[in-house]
Amino acid sequence: MTDSDSRARSHLRLVGSALTRLTDEELMERHRDGEAGCFDVLVERYKGRIFAFLRRMGFNHARAEELTADTFLKVHRAAPRYQPSAKFSTYLYTVARRAGLNARDRMSTRYEFAAGGTELEVEPTRAPDAERQLAARRSVELLRRELARLPAEHQDAFNLYYAQGLSCAEVAEILGITAAEAKGRLAYSRKLLRQRLAGLVPEADPSETPR
Amino acid sequence: MTASHDALDLLLALRPEDLDADELAAPIDAEHRAREEEADLALAGLIDAWRAEDLGAPSFSAADILARANEPVPLSPVSIDGSLAHSGEQERPTSPDMGHAGPTTGGSVPSWLVPVALAASIAAAAFGVWRMSAPTLLEEEGMRPKSLVSDVDASRVDLQFAVERADGTMIPGRNGAAYGPDASVAFRFDVQGEAGWVALLEVDSDGEWQMLYPMDGAPLEVEPGAHALASESGAPLVYRPDDPEAGTLEYVAVLLTEPVDPARVVPGLLSAGLHRADLWPRPVAAVDAVTVTWEQR
């Protein structure tokens, strides 16, 4: 093998499934350096999570999709400056939250879920467990409404920790607060929800579901 | 709320891996704990159901994002080291350490502002204008918002700027003024009180923000006094609008008490609001902002 062959081999790019084994940070560095396919893996890896995060911030499907796309567009455009000094996922959530906050500020009703209710309407169904499903959905709606009454920063912490499964340290980094503050917000939120929902959450018997 | 309740609230709210040894070992009344755990059980079930909800899925792909990114955007010449690059097709930067010294050059710079090189004589003229008249002019006009200062730190930062018109003349920047799209702008921080670290960001009318300085790395360490924004080589950093419809933009100088990555505190700062010093993230000591309208081409 000549030196030339050796150099050529060393510059072969990972393609297809091999890319999916790379870490987020490795993918982002390669995307920054112009390697094709890396951004695709990152988008597929995170678009569902970012979309769900934004949905739980209160946006309907179309708006959440738009904001998710905007988030990835920002990340792509910032790629030339990317340095793997922090975890990529926390950076991504930070960008997404910023997009959500900006959009939220422009919304006439802060929380579409809580105000509109159309997202939660239950389709008529003849399934045998329809009553139970209805009760469950109404219970979740109760939780959602109580969540919407929390301060916005607490809602975001709750969303990131419980729905997205991030650690306290990651939540703190995304929100720009200390880990102790993140813990305090989560403990406060959970306690408040426990108190506010006490007696409101229906029992297993669907006949006790609030109407 | 007693200390015991605080510890219990943490235990009920957090996953074990997020609790430290002290929190795990905190003494808690067993009867009280059992009662609260039972009450928390229903909420835990609700949270599980809330998390498991089917919220749908986005339908776009990475190709859609890249197609949007490739929509043509007019570019200005780009350089911080004296030579003017050509607008047109951009090259993707390949050096991993680029941009550490301030606004980066080349590549798909997302900002509508990109740094351009001005002759040293022009930059010197700009600073001369500042020294002679800028602060007085701004104060007399009464348009400038006062520097906002955190309760925990009495330091102040005063953001000033100078504008180079298309005809090459330099004028002191005025808060709230409008300038032609071919003008360039350079910034200066005037720090009072304690030494600190400064950063500069741009916020548009939609609340979108981006860091103008530093693009990466640490903010600029400054002693009390006036400091022109410059690269590591000492060359003044001068910016030019890169979007023909840039509109009205706010430039925010942030004075930090620690050399943290400013990008990590900006979300918290903007979320709190520039006027809510009591809610700012801890390292933020002071901010000052000016507004500029860029006329369309």
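What follows is a conversation between a visitor and a guide about a predicted model of two chains, A and B.

Visitor: How do you know that chain A and chain B touch?

Guide: Residues count as in contact if their C-beta atoms lie within 7 Å. By that test, 51 residues of chain A are in contact with 49 residues of chain B.

Visitor: Which element of chain A gives the most to that side?

Guide: Helix H5 (61-78) of chain A is one of the contributors. H5(A) gives the most, with nine residues. Other elements giving two or more residues include helix H4 (38-56), helix H9 (152-163) and helix H11 (179-197) of chain A.

Visitor: What classes of residue make up the side of chain A that touches chain B?

Guide: That side has 24 nonpolar, 11 polar and 16 charged residues.

Visitor: Why is H11(A) called roughly perpendicular to helix H3 of chain B?

Guide: Take the angle between the axes. H11(A) and H3(B), residues 30-52, cross at roughly 95 degrees. Angles of 65 to 115 degrees count as roughly perpendicular. That makes H11(A) roughly perpendicular to H3(B). Their axes come within 10 Å.

Visitor: Which residues make that contact?

Guide: From H11(A) come A:Leu193, A:Arg194 and A:Leu197. From H3(B) come B:Ala39, B:Asp40 and B:Leu43. By class, the contact has four nonpolar residues, no polar ones and two charged ones.

Visitor: What span is expected for H11(A), and what does the helix reach?

Guide: The expected span is 27 Å, at 1.5 Å a residue. H11(A) has 19 residues and reaches 27 Å from its first C-alpha to its last, close to that expectation. Its buried residues include A:Leu186, A:Arg190, A:Leu193 and A:Arg194. Just after H11(A), A:Gly199 takes a positive phi of about 85 degrees.

Visitor: And what span does H9(A) reach?

Guide: H9(A) has 12 residues and reaches 16 Å, close to the 16 Å expected. Among its buried residues are A:His154, A:Phe158 and A:Tyr162. A:Gly165 follows H9(A), with a positive phi near 75 degrees.

Visitor: Now chain B. What is it built from?

Guide: Chain B has six helices and 13 strands. Of its 297 residues, 39% count as buried. Take its contacts between residues at least 6 apart in sequence: 73% of them join residues at least 24 apart.

Visitor: What makes strand S3 of chain B largely enclosed?

Guide: Count its buried residues. S3(B) covers residues 156-164, and nine of the nine are buried, so the strand is largely enclosed by the rest of the structure. B:Arg156, B:Asp158, B:Gln160, B:Ala162 and B:Glu164 point one way. B:Val157, B:Leu159, B:Phe161 and B:Val163 point the other way.

Visitor: How do you know that S3(B) pairs with other strands?

Guide: Pairing needs at least two bridges. Nine bridges join S3(B) to S6(B), and the two run antiparallel. One partnership there links B:Val157 with B:Val191. Three bridges join S3(B) to strand S4 of chain B, residues 170-172, also running antiparallel. There, B:Ala162 has B:Pro172 as its bridge partner.

Visitor: What lies between S3(B) and S4(B)?

Guide: Five residues lie between them, and the two strands form a hairpin. In the turn, B:Gly168 has a positive phi of about 90 degrees.

Visitor: How do you know that strand S11 of chain B is covered on both faces?

Guide: Look at each side. B:Val238 and B:Arg240 on one side are buried, and B:Tyr239 and B:Pro241 on the other are buried too. S11(B) is also joined to strand S6 of chain B by two bridges, and these strands run antiparallel. B:Ala186 has B:Val238 as its bridge partner.

Visitor: Why is B:Leu255 called buried?

Guide: A residue is buried if 20 or more other C-beta atoms lie within 10 Å of its own. B:Leu255 has 32 C-beta neighbours inside 10 Å, so it counts as buried. B:Leu255 sits in strand S12 of chain B, residues 247-256. Residues it touches include B:Val157, B:Val191 and B:Ala285.

Visitor: Why is the peptide bond from B:Tyr213 to B:Pro214 worth a stop?

Guide: This bond is cis, with omega near -5 degrees. B:Pro214 lies in the loop between strand S8 (209-213) and strand S9 (220-222) of chain B.

Key
Residues are numbered from 1 along each chain as its sequence is written. Chains are lettered from A and ligands numbered from 1 in the order in which they are written. This is a predicted model: local features need pLDDT of at least 70, side-chain atom pairs count only at pLDDT 80 or more; totals for chains, interfaces and linings use all residues. Helices (H or I, at least four residues) and strands (E, at least two) are DSSP runs, numbered from the N terminus. Ala, Val, Leu, Ile, Met, Phe, Trp, Tyr, Cys and Pro count as nonpolar, Asp, Glu, Lys and Arg as charged, and the others, Gly among them, as polar. A residue is buried if 20 or more other C-beta atoms lie within 10 Å of its own, exposed if 12 or fewer, and partly exposed in between; C-beta atoms are placed from the backbone. The expected span of a helix is 1.5 Å times one less than its number of residues. Axes are lines fitted to C-alpha atoms, for helices over the stretch in contact, and angles run from 0 to 180 degrees between N-to-C directions. Angles under 35 degrees count as roughly parallel, over 145 as roughly antiparallel, 65 to 115 as roughly perpendicular and the rest as oblique. Lists of a residue's contacts leave out its neighbours within four places in sequence.
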